[in-house]
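Reader: I am new to this structure and should be grateful for a close look at one part of it. Would you take the place where the two chains meet, and then follow the charged and polar pairings outward from there?

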2 protein chains.
Amino acid sequence: MSFDSLLIIGGGLIGSSIARAAKSRAGVSTVWMADKSADVIETIERLGIADGVAEGSAHHFASKADLIIVCVPPGKIAEVAADILPVMKAGSVLSDVGSIKGAVITAMRPHLRDDVSVIPGHPIAGTEFSGPEAGFAELFDHRWCVLTPINPDDPALPKLTAFWEALGSDVAIMDPDRHDTVLATTSHVPHLIAYTLVGTAVDMETVTGDEVVKFSAGGFRDFTRIAASDPVMWRDVFLSNREATLEVVDRFIEDLTALKRAIRWSDGETLLDHFAKTRDIRRRIVESGQDEPNFGRDD
Amino acid sequence: MSFDSLLIIGGGLIGSSIARAAKSRAGVSTVWMADKSADVIETIERLGIADGVAEGSAHHFASKADLIIVCVPPGKIAEVAADILPVMKAGSVLSDVGSIKGAVITAMRPHLRDDVSVIPGHPIAGTEFSGPEAGFAELFDHRWCVLTPINPDDPALPKLTAFWEALGSDVAIMDPDRHDTVLATTSHVPHLIAYTLVGTAVDMETVTGDEVVKFSAGGFRDFTRIAASDPVMWRDVFLSNREATLEVVDRFIEDLTALKRAIRWSDGETLLDHFAKTRDIRRRIVESGQDEPNFGRDD
């Protein structure tokens, strides 16, 4: 029940990882890739991870593909979907890998067709590296992939689920807005905070850049790893998932302010109570296997 | 020019790692360990990493040791120093591994002796795990160790420097207050923020603990790793390095508030400018080698 042909639009880390895994793991016969960048197309050809490539318009592949996965930054997904939906063949499936779902689905809605299954998706996987050379077939192993079908009874849902499972993922089916609320907490706000703190450190007049680099092993370097992810993608995420992001950020600032007050007033008990309660969730993450990096790579 | 005998007071992650490395790497003949916990002492004996152990008072070893390193939480270092300084032999060296230096030195000052070298230290190394079984000899490899001598011309400084270099560290000599300012940025505030965010996520009514665990690979799990460090130690750090911590936290909240405003008003340019500037510091950390974990362990 695998897809015979796959078009990947966007040849970055995620797109090129799907390309690397689709044939060997998911039984796809033909993989086409499109990207608006000539450099990316050239790299994909050199890597030999696609059976055909298109720079810019992907209409000739889009009209033939059984499955199309849009792997561009969230702010561009709806635009790409609007461009290719009219040429897609009846019975084919359109998906994506964007980190936000609600706003993208809203923007896609006017372009939907009854005879094409639109099942947005989000593999919770990645590394700090970007571009086609950063991809690898094992990226999705033991990672969750969330699918947020527009129609919960979409007949193509089991087939797309099987595709992601073949790529190594566990699949979760979720409501798009629920996805955005949960991911605001587990992903979007952590990234915003990491970007902020790294910026704060760079701007501190009292500490030099050399000192920050030298003594980064104290905890800071983990923030820099998170804050090294693709800036364009994250800008789009925060702007598209505004309400949920701001809600979590506000709660975070409240909590940080309470701990600040505890420090100012030497209230060690409040600090200790707070620090102790975070250990349980860490234990559960380790037990769940979600702490194992993919083959030694950070993500 | 190695120390002949070493007493380590406190048998946790850092103390037990020093014990494991001191003989094989730094030419120490005899390693004694003391800890107030009977369980820790029992574990150390079982591990066979010390030539002699003391539960509680370490006076009989302290009076013979050439080098004593205090490896207890920051809030207890001055107390331990006050207890053992009177029995230490002339010409011996007292050091520690605390994450803050200024407040500890102030508290130790009344107990100093002219004939004992007091050279506080701070190896910038660690993992999320605590206790004697978590230690390993390679913990300090390619990590900075900061020494903050009370007397910058202390004749024992080259010898202690050589000891830490033998353990695998690069040694930096710093003023204690400068150390605390820099580490507030690279270590203390990152830990406070990680503890805060993990607590915020646990408390969000809109997201269940199961969801947080399941989708933690999006960035959150890196915060849980940082926030799994020893709570007592971190309470002591924040309370002892209050001013520098609060200053960096305030700057961080200012910056986060500015990014919040940019999100609220869809100011993508401000977000992108901010996110792009953090990449340079990441590149420098990777180039410096400070991003390589110790033998696959997190720290």
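Author: The account below begins with the relation between the two chains, goes on to the interface, and ends with pairings within single chains.

The model under discussion is a predicted one. A turn of 180° with a shift of 0.0 Å along the axis lays chain B on chain A, and the RMSD is then 0.0 Å. The two copies are thus related as by a two-fold rotation axis.

The interface itself can be described from both sides. Chain B contributes 102 residues to the contact, and chain A contributes 102 residues. Of the interface residues of chain B, 100% are also interface residues in chain A, so the copies meet through the same surface. The size of an interface is often given as the accessible area lost when the parts come together. Here the area buried between chain B and chain A is about 9,500 Å², and carbon and sulfur atoms give 67% of that area. On the side of chain B, the residues that lose the most area to chain A are B:F215, B:I263 and B:F275, which together make up 8% of what that side buries.

Polar and charged groups also take part. Across the interface of chain B and chain A, 42 residue pairs are in polar contact. The elements of chain B that each supply at least two residues to the side touching chain A are β8 (144-147), α7 (176-203), α8 (209-214), α9 (220-226), α10 (231-240), α11 (242-264), α12 (268-277) and α13 (279-288). The largest share of that side, 21 residues, comes from α7(B). By residue type, the side of chain B that touches chain A divides into 48 nonpolar, 25 polar and 29 charged residues.

One residue of chain B shows such contacts in detail. B:R282 is placed in helix α13 of chain B. With a relative accessible area of 3%, B:R282 is buried. Its side chain makes a polar contact of 3.0 Å with the side chain of A:T224. A polar atom of the side chain of B:R282 also lies 3.4 Å from the backbone oxygen of A:R221.

Next come the salt bridges. Side chains of opposite charge can pair when their charged atoms come close. Between chain B and chain A there are 12 salt bridges, while the structure holds 34 over all chains. An example that crosses the interface is the salt bridge of A:K277 with B:D203, whose closest N and O atoms are 2.9 Å apart.

Other salt bridges lie within one chain. In chain A, A:D96 pairs with A:K101, the closest N and O atoms being 3.1 Å apart, and both of these residues are buried. Also in chain A, the side chains of A:E287 and A:R283 form a salt bridge with an N to O distance of 3.0 Å. A:E287 and A:R283 are 4 residues apart in helix α12 (residues 268-288) of chain A, and they are therefore separated by about one helical turn. A:E287 is exposed, its relative accessible area being 59%, whereas A:R283 is partly exposed at 41%.

In chain B, a salt bridge links B:R25 to B:D141, with the closest N and O atoms 2.7 Å apart. B:R25 belongs to helix α1 (residues 13-26) of chain B, and B:D141 to the loop between β7 (121-123) and β8 of chain B, so this pair ties together parts that are 116 residues apart in sequence. The relative accessible area of B:R25 is 30%, which makes this residue partly exposed; B:D141 is buried, with a value of 15%. Returning to chain A, salt bridges that share partners join A:D280, A:R283 and A:E287 into one network.

A last site of interest lies in α7 of chain B. B:H179 is found in this helix and is buried, with a relative accessible area of 0%. The side chain of B:H179 makes a polar contact of 2.8 Å with the side chain of B:D180. Leaving aside residues up to four places away in sequence, B:H179 touches B:S99, B:I100, B:K101, B:H122, B:V146, B:T148 and B:M174. As for B:K101, this residue is 78 residues from B:H179 in sequence, yet the two are 7.1 Å apart in space, C-alpha to C-alpha.

Definitions and conventions. Residues numbered from 1 in each chain as written. Chains lettered and ligands numbered in written order. Predicted model: local features only at pLDDT ≥ 70, side-chain atom pairs only at ≥ 80, totals over all residues. Heavy atoms only, no water. Least-squares fit on C-alpha atoms with pLDDT ≥ 70 in both. Contact = heavy atoms within 4.5 Å. Buried area = accessible area lost by both parts, 1.4 Å probe. Salt bridge = Lys/Arg side-chain N within 4 Å of Asp/Glu carboxyl O. Polar contact = N/O pair within 3.5 Å; in protein donor to acceptor, adjacent residues only side chain to side chain. Nonpolar A, V, L, I, M, F, W, Y, C, P; charged D, E, K, R; others polar. Buried < 20%, exposed > 50% of the residue type's maximum accessible area, 1.4 Å probe, protein only.
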